[in-house]
Amino acid sequence: MKSTLLKMSKICKSYPGVKAVDDVSIDLFSGEVLGLMGENGAGKSTLIKMLSGAEIMDSGEIYINEEKVNINSPKSAQDCGVSVIYQELITMDTLSVAENIFVGQLPINKTTKLIDWKTAEKKSSDVLSLLNSKINPKSIVGTLSIYEKQIVEVAKAIHKNAKVLIMDEPTAALSEKDSKSLFEVIDKLKSQGVGIIYISHRIEEVFNITDRVSVMRDGMFIGTKTTKSAKKKEIISMMIGRELNQFFPEIKSEKKGIALKVSGLNIDGIIEDINFEVQRGEIVGLFGLVGSGCLNIARSIVGVDSIDQGDIDIDGRKVSIKDPKSSMKNKIGFIPIDRKHEGLTLDFSVKQNLSLQSLEQLGSGFIINDSIENSIAKKWVEKLEIKTPNIDVQVKNLSGGNQQKIVLGKTLETNPEILVVVEPTRGVDVGAKMDIYKMLESLCHQGVAIILVSTDVPEILSISHRVLVVSTGKIRKEFKKGEANQQDLLYEASLS
Amino acid sequence: MKSIGFKLSTTSSLFIFLGFLIAVFSITSEHFLSPYNITSLLTNISYSGIAAIVLTLIIISRGLDISVGGVIGLTTVVVATLYSQNDPLPTWLILIIGLGTGAIVGFINGWCITALDMDPIITTLGAMAITRGLAYVISDSQSILMFEDTTDYISNGTIFYIPIPIIIFILTVIIFSVLLHKSKFGRSIYAIGANELSAEFSGIAIKSKKMILYILSGVAASISGIILLGQTSVGMPQHGLGTELEVITAVLLGGAALSGGKGTIYGTVAGVLILGVLFNGLTISGVRYVHLQIFQGILLLVAVATYEIKTRNEVAR
């Protein structure tokens, strides 16, 4: 008989300027797998962080087994029986399996007061065999496979008597075989009465493994459907249902010859046999879910990730791109995914960031010519409408949208002929978004070839002239502009 | 908020503190402000100050060089040994070999850190041990007396009444403050220290820049060694023991942080002066040498703690 194991009621959480979770109520029965789906930015991660104690809610209540609980730290969450298996595993790789499972609570021999390794190892083996695993508890976790590490984390959760287990994109890094093993483990946990919240973008998987599916969108709870009777397209509609109340400029493509051609690109275990071309004056979108390989394709073109096999041709000639500097020499520009850690130097000022990729241009000798630097800075502040009190403030004080514009300005100062842009409007307000799209449009007119990697479905559909859908390391399908709608894109991307 | 490279408040506080120290010592000792003492003080400052100026750039780039003292000892031994040969090489060649000693150590450090991606602390720690050991081996643990004009001149000679080591120090300060604060190279050093990944993505050649810094650091240490050789007239494997601590203290006192991206030449100059004045003043006042180490350690901890608290307050805002 299924009882209400977990009830999250009217949960609210806001960050400056954005309502991440808006009055969300969700329930979970014991012995069930509840899928939690939603696009990037829908609020799933924030909701889960409040359940696991990583964040504190602004308002709302959590009930476990119909008793109200106060979760305000990871420890209090664990004490209530809530455990999380994060996508980026948090195993302590230099310690053994038993030490990870028993972290902080290694059994002590009452007489000698020393650690009772025998008990630790025996109990670890017991838990592991519950999970169909024969991992040696003495093994150092760093030597295990990703699947085995996940099992160690599940074992740790079981050992801490987890009643609610949250799994965040558990199969993102697993092979098919390991995924199947994981599903068997999940079945076992279900039979023990554990309730599992399963977060995944992979719709096939969610339909395979879950009993019910809850959908979030724009911070709000949309609805829950019983998996058996639900339809995939229906769930996707719930996920993306918002109005296209954002205006995307109509960017005409002015194809003027092939700028970049990628053939047989291969990074072992990550991307396989990638072939495509981009023309001057064209925007090609690369769309894929987390772990699909889209990001790796982009990074290999700009020399950040190294290629195992394959060729890159620019204007018909084969080029060798082994680091960011050589990609710049080939007139390739790059807007990285993480502006704070990869695109900007936060302690530097606006003008110092804008000039960082063009230091050679700041005067003919060794000395930096201040007036050239100032004029470059003023030029981009104006062109991109960067909102800043002056060009000497540190960029860490600017908003996300303005920071992103600075990354754009820094790259554009080098006059790239090919531009690889990753998530250009992530965390960017509506006004700045428009400015960035306008700049992309202008670049298109000037004949720049643009590769756009984005998980923002409306964005990539509206801005790109063609979209290549990438899944599990391969290009699965190409859609020309207008050939696909949002559902098609998400559907293709979730197939494996 | 001002951009990096010009922490006005920090540097002026340091110089105010320096002024305070000078005032105190000139009261407690009548000899403190004598021309002889001032010259001696400034010359001693120049000895370690040259290495400190170059180390500033390394620390700003988020690196470290602990091998300074070892290179000093090795250089004095190498140069003194070459001079005491029966038919010694020409002076200019010997001096070049002396500078080359530091350059080679710096190159090896740089290579381990850039090509092998080794940790700078571990690398230069190893270099410290190896150079010190080589110094003992080459000199057979003996001191090597030297009566030689050129190194004597370098250390004790004057140009317009200013001792040459001080002139070398002033030149080093001028060259490196232009290099660090005004040049493209200096900007890229700050970028590497503040965020190496962003710097790399912006096309900055990280490895070659770091290599240059470590070679310069080695050469600076050798220059310090040659000055010390001239001052003491003896090459000893023990020369430079403890200098690495003194130099790092001066740089951190001046506002540079081990986490990189922060620091100025002026700050390091202030740090070097404060340490020099403190040691000199205390010595004149009768404090024994062994106690000076304690003061140095306390000053280092207080300075770093102060900067840490200051940074934390800035972030909390």
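**Notebook: a sheet in chain A and the contact with chain B**

I looked up the sheet in chain A: six strands form an open sheet with mixed pairing, in the order β6-β7-β8-β3-β9-β10. I count strands as DSSP E runs of at least two residues and helices as H or I runs of at least four, numbered from the N terminus. Two strands pair if DSSP finds at least two bridges between them.

The model is predicted; local features need pLDDT of at least 70, side-chain atom pairs count only at pLDDT 80 or more, and totals for chains, interfaces and linings use all residues. Residues are numbered from 1 along each chain as its sequence is written, with chains lettered from A and ligands numbered from 1 in the order written.

Next, the edges. β6 (82-85) and β10 (220-226) of chain A each have a single partner strand, so one side of each lacks a neighbour in the sheet.

I then checked one pair inside the sheet. β3 (33-37) and β8 (195-199) of chain A run parallel over four bridges. There, A:L36 has A:I199 in β8(A) as its bridge partner.

I turned to the helix on the sheet. α5 (146-159) of chain A touches β6 and β7 (164-168) of chain A, and its direction makes about 175° with that of β6(A). Axes are lines fitted to C-alpha atoms, for helices over the stretch in contact, and angles run from 0 to 180 degrees between N-to-C directions.

Last, the chains. I found 21 residues of chain B in contact with 27 residues of chain A; contact means C-beta atoms, placed from the backbone, within 7 Å. On the chain B side, α8 (184-194) and α9 (196-201) give two or more residues. α8(B) has the largest share, six residues.

Technical notes. Two residues are in contact if their C-beta atoms, placed from the backbone, lie within 7 Å.
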